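Me: I should like to go through the fold of this protein in questions and answers. Please take each point in turn.

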Amino acid sequence: RDTIGQMLESVERLSRTVEQLLALARVATGRLASAGEPLNLRDLARMAHAELQPVAEARAVTFSLAIDERPWRLQGVADLLREALFNILDNALRFTPEGGQVRIECCAAAGGGALLRISDSGPGFDSAEGGRGGSRAGHGLGLAIVRNIATAHGASVVMGRSAMGGAEVTLT
């Protein structure tokens, strides 16, 4: 049973890696829908929060959502924007220790437009590229995919230290 469990975990990790490589290839080769579709960033943030709340609860992590109620409309490829958001949140939830916090914030950016910020109370980033060390580190694809998806949508990504002491990723 232990061996089968380890094999299943390995298959899940490899499947996730393949999915991320495919997403990275789609963005890198410019195979995005030319105009995308109208989306509401607020709805995307709410959906991600609802889907990942059980993961946070299982890890005993407080998972909060703060949204400015304006409808943050944008043009984009929904699947790719969802992939970017889930990559950031997966990273935050994976590295935040039990009893820690992860927060999603959607509000107005200082220079206009929308800002989506994910903050956590985990160990933070090892480097400006967004790597995190330790035994739970992945292949470093998730945040590279986030950068490429953001660039393809005309957004910027800033990675730094959160007010909670952990990592913070801001998409504007």
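The exchange below concerns a predicted model.

Me: How many helices and strands does the protein chain contain, and in what order do the elements run from the N terminus on?

Reply: The protein chain holds 4 helices and 7 strands. Read from the N terminus on, these elements follow the order α-β-α-β-β-α-β-β-α-β-β.

Me: What is the strand order of the open sheet of 5 strands, and which are its edge strands?

Reply: The open sheet has mixed pairing, and its 5 strands are arranged in the order 2-4-5-7-6. An edge strand pairs on one side only, and this holds for strand 2 (62–67) and strand 6 (157–161). On average, neighbouring strands of the sheet are turned against each other, direction ignored, by 15 degrees. The edge strands are thus named as strand 2 and strand 6.

Me: In which sense does strand 4 pair with strand 5, and over how many bridges?

Reply: Residues 101–108 make up strand 4 and residues 114–120 make up strand 5. Within this pair, Cys107 stands opposite Leu115, and the bridge partner of Glu105 is Arg117. The two strands pair in the antiparallel sense, over 7 bridges.

Me: Which residue in the turn of the hairpin of strand 4 and strand 5 has a positive phi?

Reply: Strand 4 and strand 5 form a hairpin that has 5 residues between them. In the turn, a positive phi of about 100 degrees belongs to Gly112.

Me: Do strand 2 and strand 4 run parallel or antiparallel, and how many bridges join them?

Reply: One pair of facing residues is Ser64 and Arg103, the latter in strand 4. Strand 2 and strand 4 run parallel, and the number of bridges that join them is 6.

Me: Which strands does helix 2 touch, and what angle does its direction make with that of strand 2?

Reply: Helix 2 covers residues 41–58 and packs on the sheet. Its contacts there are with strand 2, strand 4 and strand 5. The direction of helix 2 makes an angle with that of strand 2 of about 170 degrees.

Me: Which strands does helix 3 lie across, and at what angle does it run to strand 5?

Reply: Helix 3, residues 78–95, lies across strand 2, strand 4, strand 5 and strand 7 (167–171). Its angle to strand 5 is about 20 degrees.

Me: Which element gives the largest share of the largest nonpolar core?

Reply: In soluble globular proteins, nonpolar side chains tend to be buried together. Here the largest nonpolar core has 38 residues, of which Leu89, Val102, Leu116 and Ile118 touch the most other members. Elements that give two or more residues to this core include helix 2, strand 4 and helix 4 (141–152). The largest share, 9 residues, comes from helix 3.

Me: Which residues line the second largest pocket closest to its centre?

Reply: The second largest pocket encloses about 300 Å³ of space. Helix 2, strand 3 (73–76), helix 3, strand 5 and helix 4 each give two or more residues to its lining. Of the 17 lining residues, the closest to the centre are Leu41, Leu74, Leu81, Ala155 and Leu171.

Me: Why does Met164 count as partly exposed?

Reply: Met164 is placed in the loop between strand 6 and strand 7. Leaving aside its neighbours within four places in sequence, Met164 is in contact with Gln101, Arg103, Ser119, Asp120 and Ser121. Partly exposed covers the range between under 20% and over 50%. Met164 falls in this class because its relative accessibility is 27%.

Me: Is Gln101 buried or partly exposed, and at what relative accessibility?

Reply: Gln101 lies in strand 4. Leaving aside neighbours within four places in sequence, its contacts include Val61, Thr62 and Met164. The C-alpha atoms of Gln101 and Ser64, 37 residues apart along the chain, are separated by 7.8 Å. Gln101 counts as partly exposed because its relative accessibility is 41%.

Me: What is the phi of Ala60?

Reply: Most residues other than glycine have a negative phi, and most peptide bonds are trans. Ala60 lies in the loop between helix 2 and strand 2 and is partly exposed, with a relative accessible area of 36%. Although Ala60 is not a glycine, its phi is positive, at about 55 degrees.

Key: Residues are numbered from 1 along each chain as its sequence is written. This is a predicted model: local features need pLDDT of at least 70, side-chain atom pairs count only at pLDDT 80 or more; totals for chains, interfaces and linings use all residues. Side-chain values use heavy atoms; hydrogens and water are left out. Two strands pair if DSSP finds at least two bridges between them. Axes are lines fitted to C-alpha atoms, for helices over the stretch in contact, and angles run from 0 to 180 degrees between N-to-C directions. Contact means heavy atoms within 4.5 Å. A nonpolar core is a set of buried Ala, Val, Leu, Ile, Met, Phe, Trp, Tyr and Cys residues joined through side-chain atoms within 4.5 Å. Buried means under 20% relative accessible area, exposed over 50%, partly exposed in between (1.4 Å probe, protein chains only). On a 1 Å grid over the protein atoms alone, a cavity is a set of points where a 1.4 Å probe fits but cannot get out, and a pocket is an open set with protein on both sides within 12 Å along at least five of seven lines; lining residues have an atom within 4 Å of a point. Grid points are joined across faces, edges and corners, and a volume is the space filled by probe spheres set on the points.
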